[in-house]
Amino acid sequence: MDVGHTAHVVAEVAHLASSPLPAALVLGPLVASALVRPIGKRWPGMRNAYVVVVTALTLLGAVGLIPLVAEHHRIQSIVPALLDELTFTVDSFSMLFAIFTSFVWFAATLHSLDYLKHEKKHDRYHTTTLVVLAANLGVVLAGDLVTLYLFFEALGLVAFLLVIHTETDDAKKAAGKYFWMTVIGGFALVGGIFLTFALGGSGALEPLPAGHGDEVLRWAAAILLIIGFGVKAGMVPVHVWLPDAHPVAPAPASALLSGVMIKAGAYGIFRVVTALFRPEVAEHVEEGLWHFSEQLGLVVLWIGIATMFIGVFLALQQSNAKRMLAYHSVSQMGFILAGIGAAGYLGAHGAMGVAGGLYHVVNHALFKACLFLGVGAVYFRTHSLDLYHTGGLWKKMPITFVFMCVAAAGITGVPLFNGFVSKCLIHHAIVEAWEYHELASLGIAEKIYIVTCGGTACSFIKLIGLMFLGKPKMEYGPEVKDAPPRMLLGMGMLATAIIALGWFPQLLIKGVFQPGLHAWGLHGDILDHYLEHSFLSGPDLMSVVTAFALGFAFFFVGMKYHLFHLHAPQYFSIDWWYRQAARGLVTLCVGIDRTYEAVRGGTSRVLRVSRSTYRTAAERLGRQWRLVTTTLLTGAPGARDQHLMQEAYLVLERERQDTVRMAVVYASTHADLDEADGTRLDAVREIAAYIAGRMMHERMGVLGDAMRRGNLEHALALLAAVGPTLAEARRPIAEAAHALAPRRERGESITREVGAIVNSLLSGERFDLLVAERVPASKITLGHAADGLGRARRALPNASDLSEVHARGVSRLENVAAWAVELLRLAVSGFSQERSGLLPGHQLQEETVIQTRLRIQRYARDISANVAIVFVVLLLFAAALAV
Amino acid sequence: METEATRSILPLLAFALPLVAAVLTAPVQRVSERARAALLLVVAASVAVMTLVLAAGAAGGSVYDTYILQLTPQIWMYLRVDAAGALFGATVAVLWLLALVYSLGYMRGEHRLGRYYGFFILCLAWTLGLAYAGNLLTFLIFYELFSILTYPLVVHEETPQAMAAGTKYIVYILVGGTLVLLAIVLTFFSAGVQTFAAGGILSSETDPAMLQAIFWCFLVGFGVKAALVPLHGWVPDAHPAAPAPFSAVLSGVMVAAGSFGIIRTVFQVFGPSLLAAMGVMPYVTGVAGFTVLFAAALAVNQDNLKRRLAYSTISQMAYVVLAVSLLGLESTVGALVHITNHAFMKGGLFLCAGLFIRRLGAYNVRQLDGAARRMPITAACFTIACLGMIGTPPLSGFTSKWYLGLGMLETDRPWLLAVLLGGALMAAIYLLPIVYRMYFREPVITPEDLTVAEGREAPATMLGPLVVATALTVLLGIGASLPGMPVELARLAAEAFFH
C-alpha cells in the first residue's frame with residue numbers, strides 16, 4: 001500500500017457522513033419495547049407478531065447499513081442527550097456486529113414464541129429482549145466511549161431479567177452472581193474510561209494521542225477496560241458468572257446471552273486493543289510507536305489462550321448440555337481474544353488476527369445460538385438436559401438433529417463449515433505472531449491451541465454422541481417429536497448462515513474486513529493471500545484432522561476411565577475465591593460497623609460514667625466543705641448542729657408535754673375528785689411538769705454531749721428509733737404525780753420523793769446508752785480544732801484595746817492595720833457564733849419559728865463568709881501592692 | 001465576570017411568603033384543615049415557581065439582589081441570587097413542595113399538625129434565605145435559624161427515641177453553629193464586611209495562623225451539618241426518628257446546606273488561589289474521601305432502612321466536599337450538580353421508605369421481602385433511585401459522578417477515582433440487596449400481620465411526589481446537557497467562582 005493512498009483513505013474516513021439510521025436502529029427497539037406489555041396484556045398472539053416484526057425491521061435496518069457504509073466508510077448520528085450528546089458511528093466492523101446481532105436476535109425471537117409456552121411472564125421476557133437488543137446495538141454502534149458505556153451498562157443490568165426469568169432458586173443464585181460481576185465490571189469500565197481521558201483521549205473510539213500520561217496510567221487504563229469488557233465477554237478469570245447464568249435462562253435467552261451479548265464484551269476489547277491503544281495512523285507506520293500496543297496484544301493473546309483452554313477443560317466435565325455449551329462459550333471467547341490479541345501483537349501486520357477474531361465472533365454467534373436453540377428444543381420436548389440420560393434422539397427429532405450436527409460441525413471446525421475458516425485464520429495469526437519476534441512461548445500457545453481444538457471436538461462428539469446417537473436411556477412419550485416449525489425456522493436460518501459462511505469466506509473477508517482494515521491503513525493484502533492459497537489447503541486440513549484425532553482420543557479415553565466426572569476441590573475454583581472475597585468485604589463492613597458502634601457505645605458509656613462520678617465527687621466535696629464550715633469556721637455548734645439540737649428539743653419537748661397531759665388524765669380518771677378537784681389537778685400538773693422537765697433537761701444534756709463529740713446526727717437517728725422507750729417513763733411519772741399530789745396540796749415538801757423518782761427513772765432508762773455511739777477520731781479532731789479557733793478568737797485584741805492604741809496616736813499604717821484586725825475579728829466572730837445557748841423552750845412552741853430562725857442564722861453566716869472572703873482577697877491584694 | 005446585579009423583589013418574595021404562611025398556619029387551621037392544606041400548597045408552589053424563574057434568569061447570566069434589613073450602619077441583611085444560589089434555591093423549593101404534598105397524605109391523623117406544618121413551611125423560608133444569602137452574616141443568620149428551628153420537626157413524633165435524637169441533633173448543630181459564628185467574627189475582623197465575591201474576600205496578606213483558624217472553624221462548623229466523619233453523629237439518629245417527608249428534606253437539602261456553606265466559604269470567602277497557597281485542601285480531601293468509604297461501609301450493616309439511607313447520605317454528601325476540595329472547575333460543576341441530583345434521588349428514597357412504613361409497616365430492610373408485589377410503583381421508583389445513587393447511566397447520579405471523575409482527572413489525581421468508584425460500589429452493596437429482596441424474595445409479612453398497613457399502593461398524594469422525584473432523577477440524567485438544566489447553571493456558577 002502506498003503512502004499517498006493511505007493518506008487519502010484517512011482523509012476520507014475523517015469525513016463522517018450523517019445518517020439517522022444508526023440512531024434509529026438503537027432507539028427503535030427501545031421505544032418499541034414500551035408497547036409490548038400493553039399489547040400483550042390483551043392480545044398475546046398480536047404481541048408475538050409484534051416482536052417478530054420489530055426484530056425483523058431491526059434486522060432489515062441493520063442490513064440497510066451495508067450500502068451506506070460501502071459508500072461513505074463511516075456514518076454517524078447524533079442524539080443530544082445525557083452529558084453532552086450520544087453519538088453513533090458505524091464503520092465496517094460496527095456494521096458487521098449490528099447485522100449478526102439482529103440476525104441472531106430474529107432467529108431467537110422466532111424460536112422463543114413456542115419455547116416460552118412453558119414459561120411465565122411472556123411480556124416481561126419480550127420487553128426485556130427488545131430493550132437488550134437496543135442496548136446491544138447501542139454498544140456496537142456507539143461512536144464514543146460514554147455512549148458505549150451507557151449502553152453496555154444498560155445491556156448488563158437489563159439482561160439480569162433474562163437470567164432470572166425462570167425465578168427458580170438456581171436462577172436467582174446465578175442471576176445474583178451475574179449481577180454483581182456486571183456491576184463490578186461496569187465500575188472497572190468507567191474507571192478505565194476516565195483514565196483514557198487522563199491519557200488525553202477525547203472520548204471517541206480513536207487512538208489515544210501519544211505522549212500523554214505515563215506507562216503505569218496507560219496500563220491501568222488498558223487493564224481496567226479489558227476487565228470491564230472481559231466480565232461480559234466471559235474472559236478468564238472473570239468468567240465465573242457465565243457457566244451459571246447462561247444455562248438457567250430460557251433457551252432462546254441463553255442463545256442470545258451466549259451467542260450475542262457476550263460479543264458486546266468482545267467488541268469492547270476489540271476496540272480497546274485495535275482502536276484506543278493503537279498509534280495514530282500516520283503517513284509512515286512507525287514500528288516504535290507500536291510498542292505498547294504490542295505488549296497489550298500479547299497480554300490479551302495469552303488471556304485468550306488461557307480462556308480457551310480452561311473453558312474447554314471445564315466443559316468436558318459437564319453433564320448438563322446447556323452448562324457444557326456455556327463453558328464452550330467461555331472457551332470460544334478465548335479463540336476470539338486470541339485473534340484480537342494476535343492482531344494487537346502484530347501491530348501493523350495484524351490483519352490476520354483481526355479477521356480471525358471477528359470472523360470467529362460472527363461464527364460463534366451463529367453456531368452457539370443454533371446449539372442453544374437445538375438443546376432448547378430437546379428440553380422443550382423431553383424436559384431433560386442431561387447428556388447421560390438422553391440418547392437416540394436422532395430418530396425422534398431428525399430435523400433438530402441435522403441442525404445440531406451443522407452447528408457442531410461449525411464449532412469443531414469441520415471444513416466447509418464456518419468455524420473452519422475462523423479457526424484457521426486465528427491459527428495463522430498465532431503462527432504469524434510466533435514468527436514475528438520468535439517468542440518461544442508463542443510456540444507453546446500454538447500447541448495449546450491445537451489441543452483445545454481437540455478438546456472442542458471431543459466435547460461435541462460427546463454431545464451429539466450421547467444425546468442424539470446411541471440408545472435411548474429413558475422412555476420417550478409420544479410428545480417427543482420434532483420441534484415446532486417456528487423453532488425449526490429459527491434454527492434453520494442459523495444453520496444456513498453457518499454453511500454459507502463456511503463455503504464463501506470471501507463474503508466477510510472481502511466485504512467487511514478488507515475495507516475496514518483499509519480504513520485504518522493496515523495491510524489487508526495478506527487476507528487475499530489466505531483466500532487464494534491457504535483456504536482448504538493441505539496444512540489447514542491436516543490441523544483439523546489432528547484436532548479430530550485428538551478429540552476422538554480424548555473421548556474414548558475419557559469415557560473409558562470416567563475422566564469426565566472428575567471434580568476438583570472447591571479452592572481450585574476462582575469462583576470460590578471470589579465468593580470468599582465478597583464475603584470478606586461484607587464481613588469487613590459489618591466488622592467496621594460493629595467496631596464503630598462499640599467505640600461509640602464505649603465513649604458514651606465513659607462519658608456517662610465520668611459525669612456521674614463527677615457528680616458524686618462534687619457532692620462529696622460539698623459535704624466535706626459544709627462540714628468544715630459548720631464545724632471549723634463557725635465554731636463547734638454550727639448552724640447544722642443547732643438545727644439538729646432544735647429538732648431534738650422539739651421531740652423531747654413534745655414528750656414532756658405528752659407526759660404532763662397523761663399525768664393529768666391519769667389523775668382525773670383514778671382520783672376520787674369530789675373533794676377539792678380543781679386544786680388537786682393543778683398539783684398533779686405541777687409535779688408532773690417538774691419531773692418531766694427534769695427528765696427532759698437530763699436527756700438534752702446527753703444529746704448536748706453527743707453534739708460536742710460531733711455525733712449528734714447519729715444520736716438523733718437513734719432517738720427517733722427509741723421513741724417508744726422514752727414513752728415508758730410516762731406512766732410511772734403519772735402514778736407518782738397522782739400519789740404525791742395530796743401532799744403537795746397540803747403544802748408538804750416532796751423534793752426528796754421527786755428526786756428519788758427522777759433518779760430511778762433515769763437510771764432505768766440509761767438514755768445516754770440509748771443514743772451513744774462510737775465517735776470517729778476525725779470528728780474529735782475537728783472539735784478540737786474548733787476549740788482552738790475559739791481560743792484564737794478570744795486572743796484577738798478587742799475594740800477597747802484598739803481605741804487605746806488609737807488614743808496613743810499612731811501612724812496611718814498602724815491605723816489601717818488596726819482597722820484590718822478589727823475587721824478580721826468581726827469576720828471570725830461572724831463565722832463562729834457563740835456556742836448556741838438554746839432558747840428557752842416556752843418561747844418556741846412552733847416548728848416554723850425555729851425553722852425561720854435557722855434560716856436567718858444561715859443567711860447571716862453566708863454573708864459573713866462572703867465578707868471574709870472579700871476581706872482575704874483585699875488583704876492579699878494589699879500585700880501584693882506592698883510587695 | 002462580576003455582572004451588575006439586578007434589583008429584584010422575587011428573592012425577597014420567595015423568602016417572605018413562607019414566613020407569612022407559617023404565621024398564618026395556626027389561625028387558618030381553625031377554619032379547616034383543607035384551608036390549611038390549600039394555603040401551604042399555594043405558597044409552596046408559588047415559591048417553587050419563583051425559584052425556578054430565578055434559576056432561569058440566573059441561567060441567562062443575570063444576578064438578582066435585594067436588601068432586607070439594616071442590622072447596623074455597616075451591615076445589611078442582603079439577598080443575592082447568583083447561579084449557585086439559584087440552583088440550590090430551586091432544588092430546595094421543588095423538593096420542599098414534593099415533601100409538602102407527600103406530607104398531606106403521610107401525616108394524616110398525626111398529632112400536632114399545626115406545629116408540624118408551621119415549622120415545615122417556616123424552614124423553607126430559612127433555607128431559601130440561606131441559599132440566596134449575599135453576605136456572611138445573612139448566611140449565618142439563616143443557617144442558625146433553620147438549624148435550630150428544625151428541632152420541632154426532628155422530634156415531631158415525641159417518642160423517647162425521637163427526643164434523644166433531637167437532643168443529639170441540637171447539641172451537634174449548636175456546637176457547629178458556634179464555630180461558624182466564631183469563624184465569621186474572625187473573618188469580619190480580618191476582612192471587614194463584604195458581600196460574597198468570586199476569588200474570596202480574605203486577602204492573602206492576612207496572618208497565616210488567622211487564615212488557618214478561620215478555615216478550620218468554617219470547615220468544622222459546616223462539617224457538622226455536612227456530616228463529615230467524625231462530625232456526623234446526629235445524622236443516623238435524626239433520620240429514622242423524623243417523619244418520612246421531613247427525612248427526605250433533611251437528607252436532600254439540610255445536609256447539603258452544610259456542603260453549600262463549605263462551597264461558599266471555599267470559593268467566595270477564601271477563593272481557590274488563596275486556599276491552594278494555604279495547602280489545606282489535601283486534608284479536606286482526605287477527610288471527605290474517608291467519609292465516603294467509611295459511611296458506606298457502615299451503611300452495609302444497618303437493618304433499619306432509614307438509618308441505612310442516612311449513612312448513604314453521609315457518604316454521598318462527602319462527594320460534594322471531596323469535589324470542592326479539588327478546587328477544579330469540572331469537579332465544582334460536579335459538586336453543585338450532585339447536590340441537586342442527590343436531593344431528588346435521596347428524597348425519593350426516603351419517600352419510598354415512608355410508604356413502606358405506612359403501607360406495609362416495614363421499618364427494616366428484612367421486612368421488605370416481596371414488597372414489589374404489593375407496591376409495584378413504589379418499588380420501581382425505589383429501584384430507579386437506587387440505581388441513580390450508584391451512578392448508573394443514564395440516571396442523574398451518573399451525571400454528577402461523571403463530572404466528579406472528570407474533575408479528579410482535571411486536577412491530576414486519577415487515584416481518587418478509586419474513592420469515587422469504591423463509594424459507588426459500596427452503594428451498590430448496601431442498596432441493591434434491598435431491591436433484590438423487594439422483587440425476588442417471598443414476602444415475610446403476611447396480610448394477617450398488617451396492622452397499620454393496607455399492603456397496597458398509597459394514594460396519589462403520596463405516590464405523586466415520589467413519581468415526580470423519580471422522573472426528575474431520570475430527566476436530570478438523560479437531559480443533563482439540555483439548556484436550563486442544573487449542569488448549565490452549575491457550570492455558570494463554577495466559572496464565576498473561578499473567574
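Let's start with strands β1 and β2 of chain A: β1 covers residues 17-18, β2 covers residues 75-79, and the two run parallel, joined by two bridges. To find one of these links, look at Ala17(A), whose bridge partner in β2(A) is Ile75(A). Keep in mind as you look around that this is a predicted model.

Now move to the other neighbour of β2(A). Strand β3 of chain A, residues 86-90, is joined to β2(A) by five bridges, and this time the strands run antiparallel. A good spot to check is Ser77(A), which has Phe88(A) as its bridge partner in β3(A). β2(A) and β3(A) make a hairpin with six residues between the strands. Within that hairpin, Leu82(A) takes a positive phi near 55°.

Put those pieces together and you get an open sheet of three strands in chain A, in the order β1-β2-β3, with mixed pairing. Why do β1 and β3 of chain A each have one side without a neighbour in the sheet? They stand at the edges and each has a single partner strand, so nothing in the sheet pairs with that other side. As a rule of thumb for reading any such strand, side chains in a regular strand alternate between the two faces of the sheet.

What lies across these strands? That's helix α4 of chain A, residues 44-72, which crosses β1, β2 and β3 of chain A. Against β2(A), the helix α4(A) runs at about 110°.

Time to zoom out. The domain assignment splits chain A into four parts: domain 1 (3-567), domain 2 (570-628), domain 3 (639-790) and domain 4 (796-883). Taken over C-alpha atoms, the centres of domain 1 and domain 2 of chain A are 53 Å apart.

Finally, there's the meeting of the two chains. Here, 24 residues of chain B are in contact with 29 residues of chain A. On the chain B side, the elements giving two or more residues are α12 (281-300), α17 (396-410), α18 (417-440) and α19 (460-478). Which of them gives the most? That would be α18(B), with six residues. As for the kinds of residue, this side of chain B has 17 nonpolar and seven polar residues, and no charged ones.

Technical notes:
Residues numbered from 1 in each chain as written. Chains lettered and ligands numbered in written order. Predicted model: local features only at pLDDT ≥ 70, side-chain atom pairs only at ≥ 80, totals over all residues. Domains from an automatic or database assignment. Contact = placed C-beta atoms within 7 Å. Helix = DSSP H or I, 4+ residues; strand = E, 2+ residues; numbered from the N terminus. Nonpolar A, V, L, I, M, F, W, Y, C, P; charged D, E, K, R; others polar. Pairing = 2+ DSSP bridges. Axes fitted to C-alpha atoms, helices over the stretch in contact; angles between N-to-C directions.
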